[in-house]
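Here are my notes for you, written as numbered points. Keep the viewer open and follow along as you read.

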Amino acid sequence: MTLRQRRDGGLPSKVITVSGPEAELVTRCRAGDVDAFEALYRQHSPRIYSLACRMAGSPQEGEDLLQEIFLQAYQKLHTFKGDAAIGTWLYRLALNHCLDFVRSRQARMTRLTSTLEAGRGIEPIASRDVAAARLDLERALQCLPSGYREAFVLHDVEGFDHKEVANMLGIAEGTSRSQVFKARAKLRALLRAAR
């Protein structure tokens, strides 16, 4: 992989070309080589699975998302242009798929909530034994509201800045900052309660 530096000595430009074993692997995958695609899966699935679990909020849904993401990658591999690393392309594809999943789930929950509120007006009762259970960070993340979890995972776990998070989630930059701040506070409270 070669990376061209700007002449002014500043940050590197976005021009990246893929070469070597990575380019060969992509070529073999495009030719239908199942072993090459399996190698691609083995190399990149742990990071993508981690993202999927955190965004979905559970390992089971994360596993389903992982399979959907790699199926989509297989179907769209012909669109990979090689202007970035294949891992970057896969990660972006995964992130977009996860965001679509979360938005779809939020829409379903909104419809369901509206139906329940219109019907009987019953308030759900939260489990009182949350403090008694030993929570690790992953379980605490699952307890966060989805908006907080998405912003927190993208910013604090995946390392995107607030402007990037805002663009990905379709929210204001200030909302991203607020959601990350609230997520941290809620996580601290959950983890303290678990002790």
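1. Start with the pair of helices towards the end of the chain: helix 6 passes helix 7 in a right-handed crossing. Helix 6 covers residues 146–157 and helix 7 covers residues 162–169, and their axes come within 9 Å, crossing at roughly 140 degrees. That angle makes helix 6 oblique to helix 7, because the label "roughly antiparallel" is kept for angles over 145. Do bear in mind that this is a predicted model.

2. So who does the touching here? On the helix 6 side, look for Glu150, Ala151, Leu154 and His155; on the helix 7 side, click on His162, Val165, Met168 and Leu169. Sorted by class, the contact of helix 6 with helix 7 has five nonpolar residues, two polar ones and one charged one.

3. His155 deserves a closer look. Is His155 buried or exposed? With a relative accessibility of 19%, His155 counts as buried, because the cut-off for buried is under 20%. Its place is in helix 6. If you set aside the neighbours within four places in sequence, His155 is in contact with Phe160, Asp161, His162, Val165, Val180 and Arg184.

4. Now hop over to helix 8, where you'll find Gln179. Gln179 also counts as buried, at 17% relative accessibility. Which residues does Gln179 touch, not counting those up to four places away in sequence? They are Gly147, Tyr148, Ala151 and Ile171. You have met Ala151 already: Ala151 is one of the helix 6 residues in the contact with helix 7.

5. Stay in helix 8 for a salt bridge. The side chains of Arg177 and Glu173 meet there, with 3.2 Å from N to O. Helix 8 spans residues 173–194, and Arg177 and Glu173 sit four residues apart in it, so about one helical turn separates them. As for exposure, Arg177 is partly exposed at 46% relative accessibility, and Glu173 is partly exposed too, with a relative accessible area of 34%.

6. Helix 2 has a pair with that kind of spacing. Arg42 and Glu38 both lie in helix 2 (residues 34–56), four residues apart, about one turn of the helix. Their side chains form a salt bridge at 2.3 Å, N to O. Are both partners partly exposed, or does one fall in another class? Glu38 is partly exposed at 34%, while Arg42 is exposed, with a relative accessible area of 59%.

7. One more salt bridge to find: Asp33 pairs with Arg28, and the closest N and O atoms are 2.9 Å apart. Asp33 is partly exposed, with a relative accessible area of 23%. Arg28 is partly exposed as well, at 33%. How many salt bridges does a search of the whole structure find? The answer is four.

8. Arg28 also leads us to another helix pair. Helix 1 (residues 21–30) and helix 2 have axes that come within 7 Å and cross at roughly 130 degrees. Helix 1 and helix 2 are therefore oblique to each other. Helix 1 passes helix 2 in a left-handed crossing. From helix 1, the residues involved are Leu25, Arg28 and Cys29, and they meet Asp35, Ala36, Phe37, Ala39, Leu40 and Gln43 in helix 2. Six of the residues in this contact are nonpolar, one is polar and two are charged. So Arg28 turns up twice in these notes, in the salt bridge with Asp33 and in the contact with helix 2.

9. Finally, zoom out to the whole chain. What is it built from? There are eight helices and two strands. Trace the chain from the N terminus and the elements run β-β-α-α-α-α-α-α-α-α. Of the 195 residues, 36% count as buried, and His155 and Gln179 are among the buried ones. Last of all, take the contacts in the chain with a separation of 6 or more: residues 24 or more positions apart account for 63% of them.

Methods: Residues numbered from 1 in each chain as written. Predicted model: local features only at pLDDT ≥ 70, side-chain atom pairs only at ≥ 80, totals over all residues. Heavy atoms only, no water. Buried < 20%, exposed > 50% of the residue type's maximum accessible area, 1.4 Å probe, protein only. Contact = heavy atoms within 4.5 Å. Axes fitted to C-alpha atoms, helices over the stretch in contact; angles between N-to-C directions. Parallel < 35°, antiparallel > 145°, perpendicular 65-115°, else oblique. Left-handed = near helix turned anticlockwise from the far one by under 90°. Nonpolar A, V, L, I, M, F, W, Y, C, P; charged D, E, K, R; others polar.
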